[in-house]
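Visitor: I have a model open and would like to learn how to read its features one at a time. Where do we begin?

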Amino acid sequence: MASFVSTLFFRVLLMVFLLHLCNAGRRLTELVDDQSMTFQYHKGTLLSGKISVNLIWYGNFKPTQRAIISDFVSSLSSSPASLNTQSQPSVLTWWKTTDKYYSLSSKNKKPSSLSLQMGKQILDENYSLGKSLTRNQIVQLAAGGDHENAINVVLTAADVTVESFCMDSCGTHGSQGKKSKFAYIWVGNSETQCPGQCAWPFHQPIYGPQNPPLIAPNNDVGMDGMVINLAGLLAATATNPFGNGFYQGPADAPLEAASACPGIYGKGAYPGYAGDLLVDSTTGASFNANGANGRKYLLPALFDPSTSSCSALV
């Protein structure tokens, strides 16, 4: 199981901040550039073809909260309906960075491709496994979705505790099954448990520079934080679904497509500053991507394997 390292923001930020203090001219993007030299393709299979993203809602989520996530997933589709409702820069443009991984993995043969589409939504509002979950129970919940051509996403509510949540992760991704492996993702709502760790920059960080938090584009710190973590995990799942795709560092704690670019959301990012972002003139909310149904989102920078650098939308 691979952890989404970038969401361990409180630790990463502290480490980078200390480095920043030692060398005031060095920025986070430069640190990532140093690491990029070891970013490798480990010859494994990437997800390809038409893949459904199934959402498994565990606990109490309002319909308006579910819509924030489902609209984001719909924004990843290249269907005409989705394209017609997205202004630039868009969620879909952000996702297209993952295409470069597929080109590099194919080289002398026809490149494979991945097409995501919104799948089923499963509601578990009665907390069938209780309000305190282990990682094995997360996998058990994920198994409730489709096992072929699917990514099953388990989303736990703000009143659900999950093993190691806030302590060393805000979400994870992995795979299960032998003959027909399916990919899964888990993301927790950190609104009341650890927003300073898992919902930055929409909440004051626990460690590091204490800049004012940004206004969340969908007016929900917990859910907008979940979008950030889900976005990074989807990119990691596509490019390193079975632990032998694209990553750098050790296999049991890899830096992947998004986690290789911690804390970067726009140009000029440095520890404690997310970068130069777009601001909604009406709400004052910060964002860098437009989505379906008029949504706005803040999405993490992705590592661009063709330039060996972190690529942000703005």
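Visitor: Is Asn54 buried or exposed?

Guide: This is a predicted model, and the values below are computed from it. A residue is called buried when its relative accessible area is under 20%. Asn54 has 2% relative accessibility, so Asn54 counts as buried. Asn54 lies in strand 3, which covers residues 49–58.

Visitor: What does the side chain of Asn54 reach?

Guide: For a polar side chain, look for a partner atom. Here the side chain of Asn54 reaches the backbone nitrogen of Lys120 at 2.8 Å.

Visitor: Which residues does Asn54 touch, leaving aside those up to four places away in sequence?

Guide: Asn54 touches Gly119 and Lys120, then Asp146, and also Ala150, Ile151, Asn152 and Val153.

Visitor: Now the cysteines. How many disulfides does the structure hold?

Guide: Three. To read a disulfide, take the sulfur distance, then the torsion, then the place of each cysteine in the chain. Cys166 is joined to Cys194, with an S to S distance of 2.0 Å. The torsion about that S-S bond is -70°, and the link of Cys166 and Cys194 is left-handed.

Visitor: Which parts of the chain does the pair of Cys166 and Cys194 tie together?

Guide: Cys166 sits in the loop between strand 7 (161–162) and strand 8 (171–176), while Cys194 sits in the loop between strand 9 (182–188) and helix 8 (195–198), so the pair ties together parts that are 28 residues apart in sequence. Cys166 counts as buried because its relative accessibility is 13%. Cys194, at 3%, also counts as buried.

Visitor: How far apart are the sulfur atoms of Cys170 and Cys198?

Guide: They are 1.9 Å apart, and Cys170 and Cys198 form a disulfide. Its torsion about the S-S bond is about -80°, so this disulfide is left-handed. The pair links distant parts of the chain, with Cys170 in the loop between strand 7 and strand 8, Cys198 in helix 8, and their positions 28 residues apart. Both Cys170 and Cys198 are buried.

Visitor: And where do Cys261 and Cys310 lie?

Guide: Start with the bond: Cys261 and Cys310 form a disulfide with their sulfur atoms 2.1 Å apart. The link is left-handed, with -95° about the S-S bond. Cys261 is in the loop between strand 10 (246–247) and strand 11 (278–279), and Cys310 is in strand 16 (residues 309–311), so that the pair links distant parts of the chain, 49 residues apart. At 2% relative accessibility, Cys261 counts as buried.

Visitor: What is the pairing when the bonded cysteines are numbered in sequence order?

Guide: The pairing is 1-3, 2-4, 5-6.

Visitor: Which residues are buried in helix 7?

Guide: First the general idea. An α-helix has 3.6 residues a turn, so residues three or four places apart point the same way. In helix 7 (residues 135–142), the buried residues are Arg135, Ile138, Val139, Leu141 and Ala142. Seen down the axis of helix 7, these buried residues fall within an arc of 160°, so they line one face of the helix.

Visitor: Last, the whole chain. How many helices and strands does the secondary structure come to?

Guide: Nine helices and 16 strands. Of the 314 residues in the chain, 55% are buried. Among contacts with a separation of 6 or more, residues 24 or more positions apart account for 73%. The chain exposes about 13,200 Å², and carbon and sulfur atoms supply 51% of it.

How values were computed: Residues numbered from 1 in each chain as written. Predicted model: local features only at pLDDT ≥ 70, side-chain atom pairs only at ≥ 80, totals over all residues. Heavy atoms only, no water. Helix = DSSP H or I, 4+ residues; strand = E, 2+ residues; numbered from the N terminus. Buried < 20%, exposed > 50% of the residue type's maximum accessible area, 1.4 Å probe, protein only. Polar contact = N/O pair within 3.5 Å; in protein donor to acceptor, adjacent residues only side chain to side chain. Contact = heavy atoms within 4.5 Å. Disulfide = S-S within 2.5 Å. Arc of directions from axis to C-beta. Areas by Shrake-Rupley, 256 points an atom, 1.4 Å probe, with all protein chains shown as cover.
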